[in-house]
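Got your viewer open? Let's take a short walk through this structure, one selection at a time.

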Amino acid sequence: TVLSTHHHWDHTRGNAELARLQPGLAIMGADERICALTRRLEHGEELQFGAIHVRCLLTPGHTSGHMSYFLWEDECPDPPALFSGDALSVAGCGWHLEDTAQQMYQSLAKTLGTLPPQTKVFCGHEHTLSNLEFAQKVEPCNSHVQAKLSWAQKRDDDDVPTVPSTLGEELMYNPFLRVTEDPVRAFTGQVAPAQVLEVLCRERARFQLASEPPQPQVRALLALQWGLLSTGQEK
């Protein structure tokens with residue numbers, strides 16, 4: 001069985017080849033756009049593989065059909081795990097590309113943010129350093145951000161992963177999970193959580209464009225999505 005978080009090519013491009021190599025392979029997810037999908041999952045649905053339980057958590061925002069997977073094992077001392085795709089990453093999240101900021105807030109704060117704090121978070125990308133540099137811009141006095149950034153820089157120097165984190169840690173330094181905190185509100189100039197989140201996503205896109213300019217096509221797409229393109233008369 002393949003559990004796909006969302007339809008983007010960098011997460012599902014291998015599905016068709018896996019299905020070709022393994023006839024009868026089940027490819028599951030919540031979005032019909034997922035490559036080679038054989039079964040569409042619903043929010044709250046539970047699967048079981050031996051002693052491993054999987055709870056399917058619909059987490060729209062990055063995409064409208066993003067599904068995260070919460071796993072635990074019977075009679076196991078290890079903490080549960082969350083495979084969050086691009087919905088939640090170390091110190092960040094997938095930038096708001098589809099759906100509303102309110103839906104994204106629901107996904108992050110209510111669906112994922114209320115899982116057990118010891119849950120290990122396995123995200124889809126290693127964007128930790130860039131995420132923490134942005135988090136430091138949002139909350140320059142947050143000692144948890146500073147400590148995690150120093151740790152991540154050392155990990156990067158040693159060429160070792162920064163994943164997984166834990167949900168409890170994320171709540172201390174991830175600005176996208178801290179939208180009700182005063183310093184984060186002050187940075188965005190907003191109070192309502194969804195509006196804070198929307199500004200954070202827009203500022204994160206600006207930060208990425210300024211610090212790590214991507215290929216021209218990607219840069220233009222991000223700029224268009226976040227209203228950063230100006231007309232010839234604007235400066």
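Below are a few stops to click through, strands to begin with and salt bridges after that. Keep in mind that this is a predicted model.

**Stop 1: an open sheet.** Select β1, β2 and β3: they form an open sheet of three strands in that order, with parallel pairing. The edges are β1 (2-3) and β3 (39-40), each pairing on one side only. Now zoom in on β1 and β2 (residues 27-29), which are joined by two bridges. Show leucine 3 and you'll find methionine 28 of β2 opposite.

**Stop 2: strand β8.** Go to residues 120-123 and turn on the side chains. Which ones are buried? Val121 and Cys123 are, and they point to one face, while Lys120 and Phe122 point to the other and are not buried. Next, add β7 (residues 81-85), which runs parallel to β8 over four bridges; here glycine 85 is partnered with cysteine 123. Then add β9 (residues 165-166), which is antiparallel to β8 and joined by two bridges. Valine 121 has serine 165 of β9 as its bridge partner.

**Stop 3: salt bridges.** The structure has ten of them. Try these:

- Pick arginine 20 and glutamate 17, which meet at 2.7 Å, N to O. Both sit in helix α2 (residues 15-21), about one turn apart. Arginine 20 counts as exposed, because its relative accessibility is 55%.
- Pick glutamate 32 and arginine 40, whose closest N and O atoms are 3.1 Å apart. Glutamate 32 is exposed at 60%, whereas arginine 40 is partly exposed at 44%.
- Finish with Asp31, Arg33 and Glu98, linked in a salt-bridge network.

Note on methods
Residues are numbered from 1 along each chain as its sequence is written. This is a predicted model: local features need pLDDT of at least 70, side-chain atom pairs count only at pLDDT 80 or more; totals for chains, interfaces and linings use all residues. Side-chain values use heavy atoms; hydrogens and water are left out. Two strands pair if DSSP finds at least two bridges between them. Buried means under 20% relative accessible area, exposed over 50%, partly exposed in between (1.4 Å probe, protein chains only). A salt bridge is a side-chain nitrogen of Lys or Arg within 4 Å of a carboxyl oxygen of Asp or Glu.
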